[in-house]
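Hello,

Here is the structure we talked about handing over. My notes on one interface follow it.

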Amino acid sequence: MSIEKQEKRQGATLVAPALLWTLGFFVIPFAAMVMMSLAHLEGREIVQGHDLGNYLRIFTDPSLRRGIFVSLEITAVVTVISVLLAWPLAWIIATRVPARWRRMALLLAVLPFWTSYVVRSYSWALVLGEKGVVMNALVGLGLLAEPVQIMATRSATIIGFVHFFVMLLTLTIYSNLIQLSPNYARAAEDLGASKWQVIRLVILPLTLPGVMTGAFLTFVLCIGDYITPQILGGNNELTLPQLIMLQLGRRGDFPMASALSVVLMVIVTLAYAACARWLKMERV
Amino acid sequence: MALKHTCSILAVTAGLTSALASAAQAEDLNALIWCDHADPELLQPFEEAHDVRVNVKEYEGTAAGLTLLEQSRPGDWDVMVIDAVDVGRAVERGLLAPLPVDQLATDSYFPEAVLADHTTVDGTTYAVTEKFGYNTIAYNKAAVDPADMASLDALWSGKYDGRIAIYDYYLPVLGLVGLEAGIDTADLGADTLETIREPLMKLNAASKQVSDVVGSQTALATGEVDVLIGGGEWLTAVLNAENPDLDWTIPEEGGLLWAQSLAIVEGTEKPELALEFIKYITSPEGQARLATSSCYWGMPANKAAGDVLTDEQKAILRWDDQPDYLSRAQLYPVPDADTDAAMQDLWTDMLQN
């Protein structure tokens with residue numbers, strides 16, 4: 001056997017487990033989900049078929065269609081706010097915190113990850129309530145005449161999400177910032193750039209890969225999350241994952257749940273494609 | 001040294017063998033349940049008496065439970081808790097085994113809680129009721145006028161706007177909205193459903209949130225809301241020690257009776273053990289423990305549990321008021337598949353608007 005053939009065979013052997021894993025745990029389940037989305041519910045029975053009725057209904061039924069927009073709106077707002085908060089935090093940790101304290105600062109930044117996601121959401125429910133810490137403090141300080149409703153609104157959902165995703169984004173942006181050579185900033189300053197110009201024209205563009213990677217992760221995790229809007233949103237509007245759960249838990253309508261899941265996956269894929277195209281990720 | 005080492009290995013091996021043997025001896029009973037059956041205080045006496053381990057899996061919503069059964073292999077599940085009004089749906093799909101009800105102590109049951117029309121299909125009994133209660137109005141009597149709670153009208157009056165939570169389960173709440181509109185739950189069908197759309201949307205506009213059991217309990221307990229439509233003793237009883245002001249009532253328009261039942265799953269390989277479990281749960285002791293489960297309280301279907309419950313527990317359950325309550329409560333709507341879909345569409349519209 002030639003060396004080339006031997007190398008090919010070795011390569012195939014090494015790649016095979018990953019391919020089999022992807023085939024078994026992604027390709028086949030995904031194909032099953034697509035097939036299920038083409039079936040429909042007749043009475044309480046699932047009838048196999050090949051029609052696009054479920055997809056048609058998603059885009060014509062106002063309640064289902066709104067779920068897509070609600071999810072996109074919340075996800076967009078959460079992603080933008082999280083990036084705006086995380087970048088300065090990561091920059092401060094990477095450049096302003098003395099090296100010996102950085103580990104502690106990062107530890108404090110990721111501390112919320114150590115708490116159960118559900119417990120954290122319920123904690124926010126207590127904090128944001130009309131008789132919670134925030135309202136008591138604002139009313140006590142005379143900043144508000146009476147409590148305003150935050151809990152059981154979209155704002156509560158966004159706050160819960162931002163709290164979680166700022167930590168995630170801080171880590172991705174920090175890992176990008178820490179790898180930048182200080183010579184870039186020094187060179188820019190030597191050429192007459194102000195501190196602000198160094199950040200805006202040099203550091204920020206160089207951290208875009210980290211920002212975009214974190215933003216994409218935030219987008220994917222946020223748009224697919226069920227727990228936070230369920231606990232903090234008060235069911236006053238439904239996101240796509242909540243609609244999917246309604247189909248599964250209440251109706252036993254697996255075809256519609258599958259169709260909604262396919263739509264969710266398409267949205268995530270489009271977001272990835274846009275992100276990769278913009279960043280030319282294959283070259284990063 | 002070598003001898004000591006060998007002895008240690010032998011001791012560890014003996015310990016492991018003994019533990020494995022003990023585990024192998026203990027039989028398993030697999031139960032598809034609601035959270036009240038997961039209370040160790042309920043399961044422990046049965047497990048000890050029969051040297052058995054009860055493995056429980058909680059599910060929410062009959063559709064989810066039936067799907068779980070259909071996706072399982074025969075023998076995976078031995079017993080199941082199911083809404084009494086949904087027993088027919090499970091029997092239709094061949095998921096439940098006939099139940100030798102003559103071997104159970106149903107003679108001392110509250111007659112209204114037997115619900116034979118729902119647990120018996122074509123003369124064969126498939127389930128036995130075990131616990132019941134009411135979906136009605138729960139409220140904080142320190143924050144609202146209890147006299148207002150005597151009528152459902154109060155929730156639409158504007159007086160409690162923004163202080164109401166809606167329990168997130170379409171069947172009982174649509175039933176209550178129907179009662180407010182003068183429609184009995186038995187008459188709530190495709191032709192009458194549109195009648196309750198407007199009052200339902202008004203109720204939603206007056207409410208602060210629509211929440212599940214934990215969310216509703218949290219909202220009432222923290223004062224986030226003062227009234228919960230769809231609530232009842234099952235929600236306030238576990239909070240009684242923390243806040244005795246949390247109360248419930250059945251308004252003059254009526255309330256909805258919920259009743260859960262226990263059945264043997266078709267294909268079980270342990271029908272005798274499954275029957276023993278049902279005998280235990282329907283016994284006075286099992287009934288008292290189930291009624292006061294840490295997850296939620298409810299009235300035991302078996303009156304004889306009254307001999308085991310304390311006076312304080314019976315007071316919280318409103319034991320003495322049951323004849324009046326039962327006479328005024330109506331069963332859940334039992335929609336056919338199409339009406340059920342229409343009801344859920346209406347519910348989704350409410351949530352999304």
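Across the interface of domain 1 and domain 2 of chain B, the rule finds five residue pairs in polar contact, with both residues at pLDDT 80 or more. A polar contact here is a pair of N or O atoms within 3.5 Å; within protein, one must be able to donate a hydrogen and the other to accept it, and residues adjacent in sequence count only if both atoms are side-chain atoms.

This is a predicted model, in which local features need pLDDT of at least 70 and side-chain atom pairs count only at pLDDT 80 or more, while totals for chains, interfaces and linings use all residues. Residues are numbered from 1 along each chain as its sequence is written, chains are lettered from A and ligands numbered from 1 in the order in which they are written, and side-chain values use heavy atoms, leaving out hydrogens and water.

Domain 1 covers 23–132 + 258–329 of chain B, and domain 2 covers 134–257 + 332–352; the bounds come from an automatic or database domain assignment. Their contact (heavy atoms within 4.5 Å) takes 21 residues from domain 1 and 20 from domain 2.

The count between the two domains is one salt bridge (a side-chain nitrogen of Lys or Arg within 4 Å of a carboxyl oxygen of Asp or Glu). B:R318 forms a salt bridge with B:D247, and the closest N and O atoms are 2.2 Å apart.

Regards
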